[in-house]
Amino acid sequence: MKRLGSYKSTYVACFIGYGVQAIVNTFLPLLFLTFQDSYGIPLEQITLLVTINFLMQLSIDALSGKFVEKIGYRKTMIIAHAFAFIGLGLLAFLPDLLPSAFAGLLISVIVYSLGGGLLEVVVSPIVEACPSKNKETTMSLLHSFYCWGYVLVVGLSTLYFFLFGTDKWQILALVWAVVPLFNLIFNFFVPYPDEAKEKEAGMRVIQLLKSPVFILMFLMIMASGAGEQAISQWVPSIAESLGIGKTLADLLGPLTFALAMGLSRLLFALAGKKINLNAYMGISVILLICSYLLICLSPWPWLSLLGSALAGFSVSIMWPGVLSKAAVALPLGGASMYAILALGGDLGATVGPSLVGYAASFFDDDLKIGVAFGIVFPAILAICLFVSMALEWKKAKKEAELSKRDHTAE
């Protein structure tokens, strides 16, 4: 089959892939009240769908590494988009066709969450494998597309509901299903880097787990996911404290957070080689700690909301930054490395908001105290980043000494 000539088309396919992941993670929660009213499904069952979506993606993170290495990146991308397309399509029909609307929703979520999980595992290593002048900035740009996808899904869906009403949500589900369908077809034609080599076995899981550097990267990405979601999951409550009402707060808070994340990743991508990744991550982790303190100590709700936006801006580089650092430190890590790192990030995303919630409930539902406990995550990030920079400096010094000896011997 004839391929498109430029790797730019491969990047576009990956960027859209992260947009697809944003669709499968973001669209359904916008319809919670609609499902409750239309089908009479208890809110507890409806929110369970988000948990199922997350657990399915978590399972894919844990189990898909060898699967991806066996069949290759292109086939995995196509399969992932097929699941996302079918799941979103089923979402528009199954709740009305089956005797149980909840069963229809559940089947749809399971199907498209398989696609979302595979995309999280496979998109980053594809971009890392493509030739580019600066892989770190490209990785940052890639991850910004999840943020822009989130903003577009929430913004355009809200506009659609305003113009046509929520009772026609099935049509919008089919519209969003067109995106993975398009990218499924597109991925047949884009070039993939060294397709023969990509199927070579990378490091085994046991080898990764024995590597101190990998353990350090795992801790960093877990702390990154925790630090991000500890604020992201509670930012609607922070926005609601402004007195703007729950519905508007549920939109304004997450959108502000996502826009700040996307902007930071875009700025780093546009800066190119002018900004050192370690320096950017170092400044960002300091700002992240400051953002937590701002949320905790601010006497004004609007300043707490500003602090949550600062958290989104500062935490944004951590996930793609860790992936870039892992790719350099462990070039033979393979798909298993990305899968386990994705698992670590998602585990952190579970622990972060849970810790904040439990701490807040223990202190009479005081969210500021809960966020104060969450400072442990950027603190862990700061320590791990310092250790990783020290190891990189030590490695560079050793390589320079060996190079000097070889030069002297000649």
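Lys 66 and Glu 69 sit together in helix H4, which runs over residues 65-71, and they are 3 residues apart, about one turn of the helix. An α-helix has 3.6 residues a turn, so residues three or four places apart point the same way. In this predicted model, the side chains of Lys 66 and Glu 69 do meet, in a salt bridge with an N to O distance of 3.6 Å. The two partners have rather unlike surroundings: Lys 66 counts as partly exposed because its relative accessibility is 40%, while Glu 69, at 6%, is buried.

How many salt bridges are there by this rule? The count comes to 3, so let's go through the other two. Asp 167 and Lys 168 make one of them, with 3.8 Å from N to O. Asp 167 is exposed, with a relative accessibility of 55%, and Lys 168 is partly exposed at 39%. Then there's Lys 325 with Glu 392, where the closest N and O atoms are 2.6 Å apart. Lys 325 belongs to helix H15 (residues 318-329) and Glu 392 to helix H18 (residues 376-409), so this pair ties together parts that are 67 residues apart in sequence. Lys 325 is buried, with a relative accessible area of just 5%, whereas Glu 392 is partly exposed at 33%.

Now step back to the whole chain. The protein has 18 helices and 0 strands. Its C-alpha atoms fill a box of roughly 80 × 60 × 35 Å along the principal axes. For 410 residues, a compact globule would have a radius of gyration near 22 Å, and the protein's own value of 22 Å agrees with that. Of those 410 residues, 52% count as buried. Take the contacts with a separation of 6 or more: 83% of them are between residues 24 or more positions apart.

What about the interior? In soluble globular proteins, nonpolar side chains tend to be buried together. Here the largest nonpolar core has 104 residues, and Phe 27 and Leu 341 are the ones with the most contacts inside it. Helix H6, residues 101-129, gives the most to this core, with 12 residues. Leaving out residues up to four places away in sequence, Phe 27 touches a whole set of residues, including Leu 91, Val 153, Phe 161, Trp 169, Leu 172 and Trp 176. Ala 22, Ser 157 and Ala 173 are also among the residues that Phe 27 touches.

H6 deserves a look of its own. Is it mostly buried or exposed? Of its 29 residues, 23 are buried, so H6 is largely enclosed by the rest of the structure. At 1.5 Å a residue, H6 should span 42 Å, and its end C-alpha atoms are 43 Å apart, which agrees. There is a bend in H6 all the same, of about 30 degrees at Leu 119.

Helix H5 makes a good companion case. Its 25 residues (73-97) should span 36 Å at 1.5 Å a residue, and the 35 Å between its end C-alpha atoms agrees with that. Where is the kink in H5? Look at Leu 91, where the helix kinks by about 45 degrees, shortly before the proline Pro 95. Leu 91 is also one of the residues touched by Phe 27, and Phe 27 is one of the two residues with the most contacts inside the largest nonpolar core.

Two spots outside these helices are worth a visit. One is the loop between helix H16 (334-362) and helix H17 (367-373), where Asp 364 lies. Asp 364 has a positive phi of about 55 degrees although it is not a glycine. Asp 365 lies in the loop between H16 and H17 too, and its phi is also positive, near 60 degrees. Both side by side turn out to be out in the open: Asp 364 is exposed, with a relative accessible area of 73%, and Asp 365 counts as exposed at 63%.

The other spot is Glu 240, found in helix H11 (residues 235-240). Glu 240 counts as partly exposed, at 35% relative accessibility. Setting aside neighbours within four places in sequence, Glu 240 is in contact with Gly 245, Lys 246 and Ala 249. Further along the chain, Leu 252 is 12 residues from Glu 240 in sequence and 9.1 Å from it in space, C-alpha to C-alpha.

Definitions and conventions:
Residues numbered from 1 in each chain as written. Predicted model: local features only at pLDDT ≥ 70, side-chain atom pairs only at ≥ 80, totals over all residues. Heavy atoms only, no water. Helix = DSSP H or I, 4+ residues; strand = E, 2+ residues; numbered from the N terminus. Expected span 1.5 Å × (residues − 1). Bend = angle between axes of the 7 residues up to and from the residue. Core = buried A, V, L, I, M, F, W, Y, C linked by side-chain atoms within 4.5 Å. Buried < 20%, exposed > 50% of the residue type's maximum accessible area, 1.4 Å probe, protein only. Contact = heavy atoms within 4.5 Å. Salt bridge = Lys/Arg side-chain N within 4 Å of Asp/Glu carboxyl O. Rg over C-alpha atoms; globule rule 2.2 N^0.38 Å.
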